[in-house]
Amino acid sequence: FPVTIKMSQTLSENQLTSLSVRRESIKRRILSHDENYRWSSKWNRLLSLPQMIISSFLGTTFITTITSDNRITWVDYFCTVLSIVMVVLTAILNYFKFPNEMTAHQQATLNYADLLRKIDIFEAINDGSKFQSFYISLLDDYTKLKAISPYIRESFFRKNAEEIVKKETV
């Protein structure tokens, strides 16, 4: 039996351009989600640390005040003010849900990076005959990922789009 080897066609210029456009869109989303992650992480730390310190202080002050015979009124007022600050910090943390947002943006970054790896692998294989099925699958994965990913702040998205353009022109 004669053996026939079917040569695969290489990726065309148009196919490479399509992959390049999609790659840049994915990079922009990776950078934007990463920046959202860092922003949420910063605010979570800035609000959680004072909350923990105040709650520790209030707990020890409360125990000391209850067991003391000589109550000091300024301590009572100070503890009341700290309790109000504690309530405000807790309300802000619960409203903005920074830890949940951090996790969601971190996961979105990893998911988009996975799409980027798929493009790199496909380009390395360089099989133009499978481009259509790969690209349809890539667009489907990209659309699904956009639908389940958390909101990206517009300023971060715009900034990262401009940075990518600057890198390309250099």
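## A first look at an all-helix model

Of the 170 residues in this protein, 32% are buried. The model you see above is a predicted one, and it holds five helices and zero strands. Read from the N terminus on, the elements run α-α-α-α-α. Looking at contacts between residues at least 6 apart in sequence, 88% join residues at least 24 apart. The protein exposes about 11,700 Å², and carbon and sulfur atoms supply 63% of that area.

### Three helices side by side

Here are three of the helices, with their lengths and spans from first C-alpha to last.

| Helix | Number of residues | Span between end C-alpha atoms | Expected span at 1.5 Å a residue |
|---|---|---|---|
| H2 | 24 residues | 35 Å | 34 Å |
| H3 | 28 residues | 41 Å | 40 Å |
| H4 | 18 residues | 26 Å | 26 Å |

For H2, the distance between the end C-alpha atoms agrees with the expected one. The reach of H3 is likewise close to what is expected.

Now to what each helix hides. In H2 the buried residues are Val75, Cys79, Leu82, Met86, Leu89 and Leu93. Just after H2 comes Lys97, which takes a positive phi of about 50 degrees.

Helix H3 covers residues 98-125. Its buried residues include Phe98, Glu101, Met102, His105, Tyr112 and Phe122. Following H3 is Asn126, and its phi is positive too, near 55 degrees.

### The two sides of H4

Helix H4 takes in residues 131-148. Buried in H4 are Phe131, Phe134, Tyr135, Leu138, Tyr142 and Leu145. Why do the buried residues of H4 line one face of the helix? Seen down the axis of H4, they fall within an arc of 95 degrees, so they line a single face. A general rule helps here: an α-helix has 3.6 residues a turn, so residues three or four places apart point the same way. On the face of H4 turned away from the buried side you will find the exposed residues Gln132, Ser133, Ile136, Thr143, Lys144, Ala147 and Ile148.

Tyr142 deserves a second look. The charged end of Arg22 sits over the ring of Tyr142, 4.6 Å from its centre.

### Rings that meet

How many aromatic pairs does a search of the whole structure find? There are nine aromatic pairs. One of them joins Phe57 and Phe78 edge-to-face, with 5.8 Å centre to centre and 85 degrees between the planes. Phe57 lies in helix H1 (residues 13-67) and Phe78 in helix H2 (residues 73-96), so this pair ties together parts that are 21 residues apart in sequence. Phe57 is partly exposed, with a relative accessible area of 36%, and Phe78 counts as partly exposed as well, at 39%.

Another pair is made by Phe96 and Phe98, and this one is stacked: 5.5 Å centre to centre, with 20 degrees between the planes. Are these rings' residues buried or exposed? Phe96 is partly exposed, with a relative accessible area of 44%, whereas Phe98 is buried, at 3%.

Phe96 and Phe98 also belong to one aromatic cluster, together with Trp39, Trp43 and Tyr95. Trp39 of that cluster has a charge for company: the charged end of Arg153 sits over the ring of Trp39, 3.6 Å from its centre.

Note on methods. Residues are numbered from 1 along each chain as its sequence is written. This is a predicted model: local features need pLDDT of at least 70, side-chain atom pairs count only at pLDDT 80 or more; totals for chains, interfaces and linings use all residues. Side-chain values use heavy atoms; hydrogens and water are left out. Helices (H or I, at least four residues) and strands (E, at least two) are DSSP runs, numbered from the N terminus. The expected span of a helix is 1.5 Å times one less than its number of residues. Buried means under 20% relative accessible area, exposed over 50%, partly exposed in between (1.4 Å probe, protein chains only). The arc is that of the directions from the helix axis to the C-beta atoms. Rings of Phe, Tyr and Trp (its six-membered ring) pair if their centres lie within 6.5 Å; planes under 30 degrees apart count as stacked, over 60 as edge-to-face and the rest as tilted. A charge sits over a ring if NZ of Lys or CZ of Arg is within 6 Å of the ring centre and within 35 degrees of the ring normal. Contact means heavy atoms within 4.5 Å. Accessible areas come from the Shrake-Rupley method with a 1.4 Å probe; for residues, only the protein chains shown count as cover.
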